[in-house]
Amino acid sequence: MPNTLVVDDDPHIEALFEDSGGATGNTFTFARSDDDALAILEAELKIDIAVVAIDRAAIGGMGLFRRLRGGRLRIPRIALTSGTDLKLIRNAMNDGAVDFLTKPVSVDDLNATIGKVYKDCEARREAWRTESELAAIRREIDIAGNIQKRILPRTFPERDDLDMFARTAPAKDIGGDFYDFFEVGPDKMALVVADVSGKGVPAAFFMAVARTLIRATAAVEEQPGPCLERVNSLLFRHDIPGMFVSVFYGILDTRAWTMTYANGGHLPPYLIPGGDGEIIALGGGDGVVLGVQEGIPYEQDTVKIERGAALFFYTDGLTEAFDVNRNQFSDERLIEYLVENRSLSAHALTDNVFAFVNLFTGDAPQSDDITSLAIKRF
């Protein structure tokens, strides 16, 4: 039950309040002046409600709270008056009172008013706690999103013979899509595009685990197929129900200009030949998503990348983006985009596709993470 601070120099009020508390369990702390009240409030005593006289010479009414700082300002206040001066009561309400009592105060009216104010007070405190907790969660999600962005490579190779760029846009603050590239030997670069099941925080955690395992395993498994097979086993042994990841993993040989690859249940990238050759999806290197079943073999294949050709990697959030009428962006529209923009740099090809998708989806919310990566040989 609440502990109520009563600020009044009327001795009859103190006796009345003390008598009323016996039946309800309410407790009261009394102050006969503003200074007494401030001393009690600043002593950090547990005060839930304040009842303050607004028409006594020795009491400053609601004005005394302006002399306080911090959380004590949130204590709900009840104005106490011996008259029916509506202007005085209205001024008290404007100064922060949530209710009022008039003398002579009946025990029933006192208990009912304190009970109502305390109930409202507890509801507000719960709202403040919830608001504070949500703000803390919001800050943590922002930090996690920033960390996730920093995990992914943000600078790309600057070479005369190769252009590369990637971009990802989570549907929520953090997501499960990721891209990666790293050296695995002389003139050899690993290329990874992956899509974790689900969205948000769980997908982000699984994404970090999968990316770390791929990088660590690639250091000892030179070929994409065995690398994905090993990563699949490790993810499966983590035993995270309902979580899996599709991965396209290629090793680009920039001396022979070939890419050897394995596909763990991911959408195949598009090979965009130089000139006006037909754009094709890379077949072969078949395998299933990682983390579902152990002991699965992953095939490999190799593709030649001629001068002027490009590879465009992506996740299904791109082709499965919806407009307001639930129409999908589709593979056909993506191919149309690639045909019309094949002469662009890898940076422009990767970046501009987001504008192309946004133009299609309009006001529809983004339903899934979207990632694109392109490389182009000069």
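**Figure 1. Exposure of R237 and its salt bridge with E294 in the predicted model.** In this predicted model, R237 has a relative accessibility of 52% and therefore counts as exposed, the threshold for that class being over 50%. R237 forms a salt bridge with E294, in which the closest N and O atoms are 2.7 Å apart. The pair links distant parts of the chain, since R237 belongs to helix α6 (residues 224-238) while E294 sits in the loop between β12 (280-281) and β13 (301-304), 57 residues apart. E294, with a relative accessibility of 32%, counts as partly exposed. A search of the whole structure finds 13 salt bridges, and another part of that set is shown in the next view.

**Figure 2. K103 and its two aspartate partners, D8 and D10.** Side chains of opposite charge can pair when their charged atoms come close. In the salt bridge between K103 and D8, the closest N and O atoms are 2.9 Å apart. The two residues come from distant parts of the chain, with K103 in the loop between β5 (97-102) and α4 (107-151) and D8 in the loop between β1 (3-7) and α1 (11-24), a separation of 95 residues. K103 also meets the side chain of D10 in a salt bridge, at 3.3 Å from N to O. Because K103 lies in the loop between β5 and α4 and D10 in the loop between β1 and α1, this second pair ties together parts that are 93 residues apart in sequence. K103 counts as buried at 16% relative accessibility, D8 is buried with a relative accessible area of 6%, and D10 is buried as well. A network of salt bridges links D8, D9, D10, R56 and K103.

**Figure 3. The five-stranded open sheet and two helices that pack on it.** The strands of this open sheet follow the order β2-β1-β3-β4-β5, and their pairing is parallel. Strands β2 (27-31) and β5 stand at the edges with a single partner strand each, so one side of each is left without a neighbour in the sheet. From one strand to the next, the twist averages 25 degrees. Within the sheet, β1 is joined to the parallel strand β3 (residues 49-53) by four bridges, and L5 has A50 in β3 as its bridge partner. Helix α2 (residues 34-42) packs on the sheet, where it touches β1 and β2, and its direction makes about 130 degrees with that of β2. Helix α3 (residues 86-94) likewise packs on the sheet, touching β4 (77-81) and β5, with its direction at about 150 degrees to that of β5.

**Figure 4. Strand β8 between its antiparallel partners β7 and β9.** Strand β8 (residues 188-196) has eight of its nine residues buried, so this strand is largely enclosed by the rest of the structure. Strand β7 (residues 177-185) pairs with β8 in the antiparallel sense over eight bridges, and E183 has M189 in β8 as its bridge partner. The hairpin of β7 and β8 has two residues between the strands, and in this hairpin D187 takes a positive phi near 60 degrees. Strand β9 (residues 245-253) runs antiparallel to β8 and is joined to it by nine bridges, with V247 in β9 being the bridge partner of A194.

**Figure 5. Y249 and the largest nonpolar core.** The largest nonpolar core contains 51 residues, of which F178, L191, V245, V247, Y249, M259 and I375 touch the most other members. When neighbours within four places in sequence are left aside, the residues in contact with Y249 include V184, A190, L191 and V192, together with A218, P224, C227 and L228. T260, Y261 and A262 are also among the contacts of Y249.

**Figure 6. The buried side chain of D369 and the backbone nitrogens that it reaches.** D369 is found in the loop between α9 (346-361) and β15 (370-377), and this residue is buried, with a relative accessible area of 0%. A polar atom of the D369 side chain lies 2.7 Å from the backbone nitrogen of A171, and the side chain of D369 reaches the backbone nitrogen of G176 at 2.8 Å. Not counting residues up to four places away in sequence, D369 touches, among others, A169, P170, K172, G175 and D177. The residues that D369 touches also include G198, K199, T315 and G317.

Note on methods
Residues numbered from 1 in each chain as written. Predicted model: local features only at pLDDT ≥ 70, side-chain atom pairs only at ≥ 80, totals over all residues. Heavy atoms only, no water. Salt bridge = Lys/Arg side-chain N within 4 Å of Asp/Glu carboxyl O. Buried < 20%, exposed > 50% of the residue type's maximum accessible area, 1.4 Å probe, protein only. Pairing = 2+ DSSP bridges. Axes fitted to C-alpha atoms, helices over the stretch in contact; angles between N-to-C directions. Contact = heavy atoms within 4.5 Å. Core = buried A, V, L, I, M, F, W, Y, C linked by side-chain atoms within 4.5 Å. Polar contact = N/O pair within 3.5 Å; in protein donor to acceptor, adjacent residues only side chain to side chain.
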